[in-house]
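Colleague: I would like to go through this model with you, one question at a time. Please give the reasoning before each answer.

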Amino acid sequence: MASRGQGPGLRGLLAPPLLLLLLPPLLAPWPAAAHGGKYSREKNEPERPSQREPAAEFRMEKLNQLWDKARRLQLSPLDLSELHADLKIQEREELAWKKLKAEGLDEDGEMEAKLIRSLNVILAKYRLDGRKDARELRSNSLSEGPEPDSLEDPRLEKLWHKAKTSGKFSRDELDKLWREFQHHREKVQEYNILLEVLSRTEEMQENALSPSDMRGPQEEALHSRHADLKDRLRRISQGYDRLRRVSHQGYGAEAEFEEPRVIDLWDLARSANFSEKELEAFREELKHFEVKIEKHNHYQKQLEISHQKLRHVERFGDHEHVSRNKERYAMLEEKTKELGYKVKKHLQDLSGRISRARHNEL
């Protein structure tokens with residue numbers, strides 16, 4: 001887990017700093033001096049073409065700042081694509097919250113706190129929090145294949161090695177199993193980040209509040225977050241048990257879905273309070289969702305290949321060849337970002353439906 005320490009002041013990120021609000025008037029052009037008449041150089045020289053700023057990626061300035069920082073850090077193309085989708089989701093949620101707040105809702109600040117937590121997760125996940133610890137950037141290079149040491153857990157490495165050498169899996173099945181291992185690793189990483197964020201929140205509240213102030217909404221919010229972490233840990237344990245079983249036995253013919261996120265959703269849906277008709281409709285929607293994920297995976301692979309090819313051409317190719325490869329890379333980058341956002345939004349919607357169904361049974 002990442003090392004403990006004080007995180008960045010994220011509450012300040014939720015609203016543009018006052019300085020940014022004041023800058024535009026200060027940077028506006030001054031009125032022309034009295035001597036700048038019709039014979040002045042300014043009046044008679046042809047106007048220079050205006051240098052238009054490229055369109056911002058996001059409507060919110062703080063998210064543009066994070067995006068610019070990520071590009072300066074030279075994250076891999078796939079990391080940038082995933083970050084872009086996460087920031088789009090974050091922006092969507094924050095803009096919706098601002099409308100609710102303007103209507104006088106979210107009086108207890110729980111939605112605002114949730115947004116801060118989700119931004120904390122993004123900052124830690126993509127190493128944008130400025131903290132130096134054991135997290136490592138994934139390489140920009142196109143690897144020859146999955147490497148066990150990137151699983152960050154000796155137990156997973158042992159299972160993966162056993163599966164690779166067992167002879168029970170075809171190449172396609174190994175690719176599928178590897179995606180499951182990666183998905184499990186990502187769930188563990190997110191759990192650790194959320195646990196750390198919760199610990200820092202509790203420390204700050206203990207230092208700032210008296211015990212009597214911890215009663216009521218704040219205590220309920222912390223209890224809810226502890227319950228969420230407990231549920232996540234239970235699912236991580238179940239996921240590990242599944243990986244261990246599959247690694248030893250191989251895939252059975254009865255597997256209904258292949259994508260790890262879809263398998264997780266289907267397991268959760270079957271334990272939720274859905275009627276038989278609702279569950280069947282959810283199953284059909286999961287099939288469509290899996291197709292969407294597979295399409296996104298395809299574009300991710302093409303983007304990675306295009307990135308590697310572009311780096312090679314920039315070193316050895318002519319100008320025309322470089323230009324063509326840049327155009328293709330830009331096209332794939334935009335398509336991958338677009339599909340990444342759609343996948344994450346769809347995942348969020350499906351997860352929300354399951355959460356509501358499970359809440360209804362309480």
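Colleague: Is Asp231 buried or exposed?

Modeller: This is a predicted model, and the call rests on the computed accessible area. Asp231 has a relative accessible area of 17%. The cut-off for burial is under 20%, so Asp231 counts as buried.

Colleague: Which side chain meets that of Asp231 in a salt bridge of 2.5 Å, N to O?

Modeller: The partner lies with Asp231 in helix 8, 3 residues apart, about one turn of the helix. The partner is also partly exposed, at 36% relative accessible area. The side chain that meets Asp231 at 2.5 Å, N to O, is that of Arg234.

Colleague: How far apart are the closest N and O atoms in the salt bridge of Asp231 with Arg235?

Modeller: Asp231 and Arg235 are 4 residues apart in helix 8, so about one helical turn separates them. Arg235 counts as partly exposed, at 25% relative accessibility. In the salt bridge that Arg235 forms with Asp231, the closest N and O atoms are 3.1 Å apart.

Colleague: Which residues are joined into one network by salt bridges that share partners?

Modeller: The structure holds 27 salt bridges. Those that share partners join four side chains into one network: Glu82, Asp86, Lys125 and Lys344.

Colleague: How many residues apart in sequence are the parts that the pair Glu94 and Lys62 ties together?

Modeller: The side chains of Glu94 and Lys62 meet in a salt bridge at 2.8 Å, N to O. Glu94 is buried, with a relative accessible area of 0%, and Lys62 is buried too, at 9%. Glu94 lies in helix 4 (residues 77–102) and Lys62 in helix 3 (residues 61–72), so the parts tied together are apart in sequence by 32 residues.

Colleague: Which residues form a negative surface patch together with Glu219?

Modeller: Glu219 is found in helix 8, which covers residues 217–249. Its relative accessible area of 45% makes Glu219 partly exposed, and a patch takes residues with over 30%. The other residues of the negative patch are Glu107, Asp108 and Glu220.

Colleague: How far apart in space are Glu202 and Leu222, C-alpha to C-alpha?

Modeller: Glu202 has its place in helix 7 (residues 171–208). Glu202 is partly exposed, with a relative accessible area of 23%. In sequence, Glu202 and Leu222 are 20 residues apart; in space, C-alpha to C-alpha, the distance is 8.2 Å.

Colleague: Which helix gives the most residues to the largest nonpolar core?

Modeller: The largest nonpolar core has 17 residues, of which Phe274, Phe282, Leu286, Phe289 and Ile354 touch the most other members. At least two residues of this core come from each of helix 9 (260–270), helix 10 (276–316) and helix 11 (319–360). The one that gives the most, with 6 residues, is helix 9.

Colleague: What share of the residues of the protein count as buried?

Modeller: In soluble globular proteins, nonpolar side chains tend to be buried together. The count here takes in the 362 residues of the protein, and the share that count as buried is 35%.

Colleague: How many helices and strands does the protein have?

Modeller: Read along the sequence, the pattern is α-α-α-α-α-α-α-α-α-α-α. The protein therefore reads as helices under the DSSP runs used for the count. The totals are 11 helices and 0 strands.

Notes:
Residues numbered from 1 in each chain as written. Predicted model: local features only at pLDDT ≥ 70, side-chain atom pairs only at ≥ 80, totals over all residues. Heavy atoms only, no water. Patch = residues over 30% accessible without salt bridge, like charges linked within 9 Å, V, L, I, M, F, W, Y side chains within 5 Å. Areas by Shrake-Rupley, 256 points an atom, 1.4 Å probe, with all protein chains shown as cover. Lys, Arg positive; Asp, Glu negative; His and termini not counted. Charge placed at Lys NZ, Arg CZ, Asp CG, Glu CD. Buried < 20%, exposed > 50% of the residue type's maximum accessible area, 1.4 Å probe, protein only. Core = buried A, V, L, I, M, F, W, Y, C linked by side-chain atoms within 4.5 Å.
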